[in-house]
Amino acid sequence: MAATKRKRRGGLAVQAKKPKRNEKDAAPPAKRHTTAEEVEEEERDRIPGPVCKVCEMKNCNKCIYFEAKKKQDLYMWLSNSPHGPSAKFLVQNIHTLAELKMTGNCLKGSRPLLSFDPAFDELPHYALLKELLIQIFSTPRYHPKSQPFVDHVFTFTILDNRIWFRNFQIIEEDAALVEIGPRFVLNLIKIFQGSFGGPTLYENPHYQSPNMHRRVIRSITAAKYREKQQVKDVQKLRKKETKTLLPHDPTADVFVTPAEEKPIEIQWVKPEPKVDLKARKKRIYKRQRKMKQRMDSGKKNKSMET
């Protein structure tokens, strides 16, 4: 049914013109869907330009950018602005200072020492991340907001294809380490040539997105539920089946020994009633109390007569 338009002043209805189809719209829907997915994947690992402009306004060439998604996933960008490189991480196992309540403490503007795992020098992408972390977390020499001493250490350790971050205080007496916090784990996603984008230098093959991880957990729980339902259905079918009666096996009673028959004894005498010890003690206690009261009353009468 064609769409029609009406004039305001009671005119005749005029048939609305159909919009012209562009060449882009004429493409099949499958191809449009694939191109949309490709664009979405490209935009997923790209941050808009104002982040780099903010770095230029603050006159800094290193940037840490936190990106929160779905109110449950946190991503962290480490970037060298404006030319790159940059790295994107998924932040996991976050434990804040308020949550840990550690005994360590340090000054706010003091310079930290950086301690790296020897595994950072074994692979090229870890060596690149090491240099990026050194340039970002180390305090520049003679910086006006830094203190002229060192009282805490940042440690970066590689374990399970992830970077584990810890913060420790250096105690002055014996140079022992006491943890301050916070704690978190960085799961590398990609390393880009540019700042917040550009060609991909490295992609972590061990990375699994949070959505995929949650999907796997849901599929495992669903599989367990389906397995339980199948077991219940099998049990119901077995109950409905007619039971087949097996013939009696004559060899089944070979090792059965009959019990000895005891002679029947008839008790002609009535058994003696059981003695209630508690009631007997009460009666004895009452007798002794009455006798004591009589003796006390007799002594009082003699004293009155004298």
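Strands β3 (residues 62-69) and β4 pair up in an antiparallel fashion, with 8 bridges holding the two together. This is how things look in a predicted model, and everything below should be read in that light. One register point for the pairing is A68, which sits across from L74 in β4. The turn between the two strands is a hairpin with 3 residues between them, and here K70 adopts a positive phi near 60°.

On to the next pairing: β4 also runs antiparallel to strand β5 (residues 86-95), this time through 6 bridges. Here W77 has K88 of β5 as its bridge partner. The hairpin that links β4 and β5 has 5 residues between the strands, and G84 is a residue there with a positive phi, near 95°. Strand β4 (residues 73-80) thus pairs with β3 and with β5. As for burial, 7 of its 8 residues are buried, so β4 is largely enclosed by the rest of the structure. As a general reminder, side chains in a regular strand alternate between the two faces of the sheet.

Now for the charged pairs. Side chains of opposite charge can pair when their charged atoms come close. The model contains 6 salt bridges. One of them brings β4 back into the story: R214 and D73 meet through their side chains at 3.0 Å, N to O. Because R214 belongs to helix α5 (residues 210-240) and D73 to strand β4, this pair ties together parts that lie 141 residues apart in sequence. The two partners differ in how they are covered: D73 is buried, at 9% relative accessible area, while R214 is partly exposed, at 22%.

Another salt bridge joins R183 to E179, whose closest N and O atoms are 2.7 Å apart. Here E179 counts as buried, with 13% relative accessibility, and R183 is partly exposed, with a relative accessible area of 24%. The pair also belongs to a wider arrangement, since R166, E179 and R183 are linked in a network of salt bridges. A further bridge connects the side chains of D121 and K130, at 3.3 Å from N to O. In this case D121 is exposed, with a relative accessible area of 54%.

What about the cysteines? A disulfide is a covalent bond between the sulfur atoms of two cysteines, and a search of the whole structure turns up 0 of them. For C60, the closest cysteine sulfur is that of C55, and at 4.4 Å it is too far away for a bond; the cut-off used for a disulfide is 2.5 Å. C60 itself is partly exposed, at 34% relative accessible area. Likewise, C106 counts as partly exposed, at 25% relative accessibility.

Finally, there is a nonpolar patch on the surface. It is formed by I264, I266, W268 and V269, which together offer about 610 Å² of accessible area. Of these residues, V269 can be placed in the loop between α5 and α6 (277-305). V269 is exposed, with a relative accessible area of 64%. Helix α5, which precedes that loop, is also the helix that carries R214, the partner of D73 in β4.

Technical notes. Residues numbered from 1 in each chain as written. Predicted model: local features only at pLDDT ≥ 70, side-chain atom pairs only at ≥ 80, totals over all residues. Heavy atoms only, no water. Buried < 20%, exposed > 50% of the residue type's maximum accessible area, 1.4 Å probe, protein only. Helix = DSSP H or I, 4+ residues; strand = E, 2+ residues; numbered from the N terminus. Pairing = 2+ DSSP bridges. Salt bridge = Lys/Arg side-chain N within 4 Å of Asp/Glu carboxyl O. Patch = residues over 30% accessible without salt bridge, like charges linked within 9 Å, V, L, I, M, F, W, Y side chains within 5 Å. Areas by Shrake-Rupley, 256 points an atom, 1.4 Å probe, with all protein chains shown as cover.
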